[in-house]
Amino acid sequence: MNIQSYVKGEWFSGQGDGVQVVNAINGDFIGSVSSDGMDFGDVLRYAREVGGPALRRMTLHERALRLKALAQHLMEHKEEFYEVSAWTGATRADSWIDIEGGIGTLFSYSSLVRREFPNETFLVEGNQERLSQQGTFTGRHILVPREGVAVHINAFNFPCWGMLEKIAPSLCAGMPVVVKPATVSSYLTEKMAREIIGSGLLPDGAFQLICGRTGDLFDHLMEQDVVTFTGSASTGRKLKSHPGVTANSIPFNMEADSLNLSLLGETVEPGSAEFDLFIREVAREMTVKAGQKCTAIRRAIVPAGRVEAVDEALKQRLDRLPLGDPSVDGVKMGPLVGRSQMEDVWENVNRLIGSCEILYGGSREFEITGGDRDRGAFFPATLLYCGQPDNATEPHDIEAFGPVCTVMPYTDIDEAVLLAKKGRGSLVGSVFTSNDAEARHIVLNTAAWHGRLLVINSDCAGESTGHGSPLPALVHGGPGRAGGGEELGGERAIKHYMQRTAIQGSPTTLMRLTGEYHQGAAPLTDKVHPFRKYFEELQIGETHDSYRRTVTEADIVNFGCLTGDFFYAHFDETAAANSLFGKRVAHGYFLISAAAGMFVDPAPGPVLANYGLENLRFIEPVGIGDTIRTKIVVKQKIKKDKRPDDTRATGVVRWAVEIINQDDKTVALYDVMTLVERRDD
Ligand code: NAP
């Protein structure tokens with residue numbers, strides 16, 4: 001069987017014999033992988049000329065909805081992926097992270113986009129910047145999709161998740177993708193890609209797959225492209241310095257191997273909850289995916305006086321995690337993905353032994369349950385001990401990408417911090433302690449060297465997502481050795497595939513260009529009150545000025561009695577005279593309540609609910625006898641998708657509200673969000 005690529009709208013088989021890929025448990029032949037004969041320049045052109053324009057015609061919400069439908073489609077086929085994932089040596093739990101964890105990322109990005117972004121083809125970011133005295137010249141940032149192709153190169157350990165966590169933000173941003181999985185596990189990526197294509201949910205050219213080598217692909221990269229890479233630091237560095245990347249200033253996001261750590265706090269006693277949690281996490285990270293996780297704990301840094309207790313407890317734990325064929329009952333850890341990876345890990349363990357002793361495993365003599373010892377890629381859980389971690393370089397430098405971890409002692413917390421930094425930058429670190437002062441010291445002194453840090457104690461352990469799990473909402477990536485990249489992290493990931501451009505012009509031009517009201521833009525007025533208008537009838541910039549109201553002492557007294565807020569600035573004549581204001585002033589909350597009374601049109605109509613209030617600033621005090629009025633402007637409209645159980649179609653209208661006094665001074669500024677019915681569904 002040929003493991004195929006999908007390029008230029010069709011499945012492609014490479015010429016020649018290709019690379020043979022085999023089952024990690026028994027060495028059975030799965031297929032051969034080749035991309036020979038592929039025109040890589042054409043693949044990139046197809047993405048840029050066919051996929052890119054189709055995606056850019058869609059709004060962010062439309063792209064996000066396709067992603068959700070795709071996630072649902074893949075979920076319906078998940079058992080087929082589990083079946084193939086087993087060939088990589090994964091247990092059911094390992095496969096869950098890869099398959100359902102990956103599909104979960106699609107759901108997550110789909111919902112983030114529909115919740116946080118407008119239903120537009122581009123984004124408006126940050127605040128309006130005032131650039132001139134009179135306010136006629138102003139500035140704002142926008143983000144548009146890059147007009148190239150996102151090339152995603154993945155490591156072998158997460159054939160599904162690795163692909164999905166990268167395509168989700170690219171496709172949401174409006175960039176077509178070319179996915180290149182690692183050859184050894186490409187058959188699983190291909191299996192999922194067949195469903196992605198089969199679903200018909202993505203526009204032609206939005207998704208292409210290259211199984212096998214990438215040939216001269218990098219020579220055809222252009223200025224608007226993006227490359228992301230996950231894999232070893234050596235390959236990453238090579239690709240990042242390719243002339244195709246450097247000459248075109250192509251953003252290159254790199255996720256590389258790192259020496260992640262877990263640190264047991266100085267105050268943690270054996271037998272305490274935090275001690276047991278530490279042992280459980282180190283053993284779990286060693287054995288999940290047979291340690292083939294970029295986030296796995298490679299260095300367990302423990303107080304010198306706890307080494308013996310940690311050693312004992314870890315051995316007991318690892319004894320309960322038998323190695324073998326995951327389809328056999330009781331087996332908790334499968335083989336590595338292939339025998340060449342297995343030999344790599346042996347080689348690295350042998351290098352580590354230069355400065356470490358073996359506490360557990362580490363020998364070619366070991367038991368397996370099921371599977372084929374000679375043809376499979378089994379590797380025993382191996383625990384090492386480095387007694388002089390200050391002087392040794394190997395355990396801070398060599399990543400054995402398998403079930404291998406080195407225990408190292410520290411004498412005080414500052415030494416622990418130094419050891420943490422010796423990894424020269426990692427994806428993740430964890431600290432196990434119930435002492436928050438200790439946690440604070442470690443976190444603040446090591447954060448610069450980590451992409452993610454988690455502090456585990458018995459309060460959060462029950463619900464913790466664990467040391468090894470990157471999450472869609474949080475940054476995944478690390479400085480230095482870990483590649484210096486940043487993936488995921490919520491909306492940051494989407495913006496990675498967009499160009500941020502500063503736009504300058506008149507407020508009215510910027511309003512028309514962005515579809516958002518900009519202060520100073522020409523007002524639009526109408527005899528009809530805006531609360532009487534349906535979503536689609538409201539225009540950006542539409543303004544309503546209210547009647548005036550003089551604030552009286554009765555207002556302050558009534559509001560104080562109603563709310564119980566008798567703060568001295570409103571009620572104590574003497575204290576108020578000595579206060580910042582020099583006199584009694586109205587409650588700020590009275591002003592926004594009074595403003596609501598002034599700007600609403602009270603009769604039932606298309607405005608269904610008040611959604612919230614943001615960016616509130618009180619600018620000038622309002623005293624007894626001051627006269628206020630309000631101005632509301634339609635600032636932004638966000639059309640909401642009608643869900644099957646929604647009785648009405650709606651949109652969110654953001655109103656810029658300004659409260660102004662008798663001297664035409666602004667006393668308060670804020671945004672109010674209302675839910676408004678629409679009839680254009
Ligand atoms: P690798 O050998 O560096 O390969 C990574 C990817 O690069 C594979 O798809 C590989 O394809 C491709 N590649 C290799 N040479 C290339 C070239 N000249 N041009 C274009 N593509 C090329 O790493 P791996 O063995 O697959 O993965 C294991 C490593 O990845 C470990 O060190 C691990 O720590 C790291 N990793 C890091 C993260 C992270 O998020 N930081 C995640 C997972 C893994 P072929 O397979 O066809 O060679």
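**Ligand site**

I began with the ligand and found 26 residues around it, a residue being near if one of its heavy atoms lies within 4 Å. The closest are Asn 154, Lys 180, Thr 183, Ser 232 and Glu 399. I note that this is a predicted model, where local features need pLDDT of at least 70, side-chain atom pairs count only at pLDDT 80 or more, and totals for chains, interfaces and linings use all residues. Residues are numbered from 1 along each chain as its sequence is written, and side-chain values use heavy atoms, with hydrogens and water left out.

I sorted the shell by residue type and got eleven nonpolar, nine polar and six charged residues. Here Ala, Val, Leu, Ile, Met, Phe, Trp, Tyr, Cys and Pro count as nonpolar, Asp, Glu, Lys and Arg as charged, and the others, Gly among them, as polar.

Next I looked up polar contacts (pairs of N or O atoms within 3.5 Å). A polar side-chain atom of Thr 235 lies 2.8 Å from a ligand oxygen. A polar backbone atom of Gly 231 is 3.3 Å from an oxygen of the ligand. A ligand nitrogen is 3.4 Å from a side-chain N or O atom of Thr 214. I then checked cover: on its own the ligand has 900 Å² of accessible area (Shrake-Rupley method, 1.4 Å probe). The protein covers 85% of that.

Which elements give two or more residues to the shell? I listed strand 11 (226-231), helix 7 (233-240) and strand 12 (252-256). Helices (H or I, at least four residues) and strands (E, at least two) are DSSP runs, numbered from the N terminus.

**Sheet near the start of the numbering**

I traced an open sheet of three strands in the order 1-5-4, with mixed pairing. Two strands pair if DSSP finds at least two bridges between them. Strand 1 (2-3) and strand 4 (19-22) are the edge strands, each pairing on one side only. Strand 1 runs parallel to strand 5 (residues 29-33), joined by two bridges. Asn 2 stands opposite Ser 32.

**Strand 26 and its partners**

I then followed strand 26 (residues 627-639). What does strand 26 pair with over ten bridges? Strand 27 (residues 650-660) is that partner, in the antiparallel sense. Thr 630 has Ile 659 of strand 27 as its bridge partner. Strand 23 (residues 543-545) also pairs antiparallel with strand 26, over three bridges. There Thr 543 faces Val 633. Strand 24 (residues 549-550) adds two antiparallel bridges to strand 26, with Arg 549 partnered by Ile 628.

Terms used:
Polar contact = N/O pair within 3.5 Å; in protein donor to acceptor, adjacent residues only side chain to side chain.
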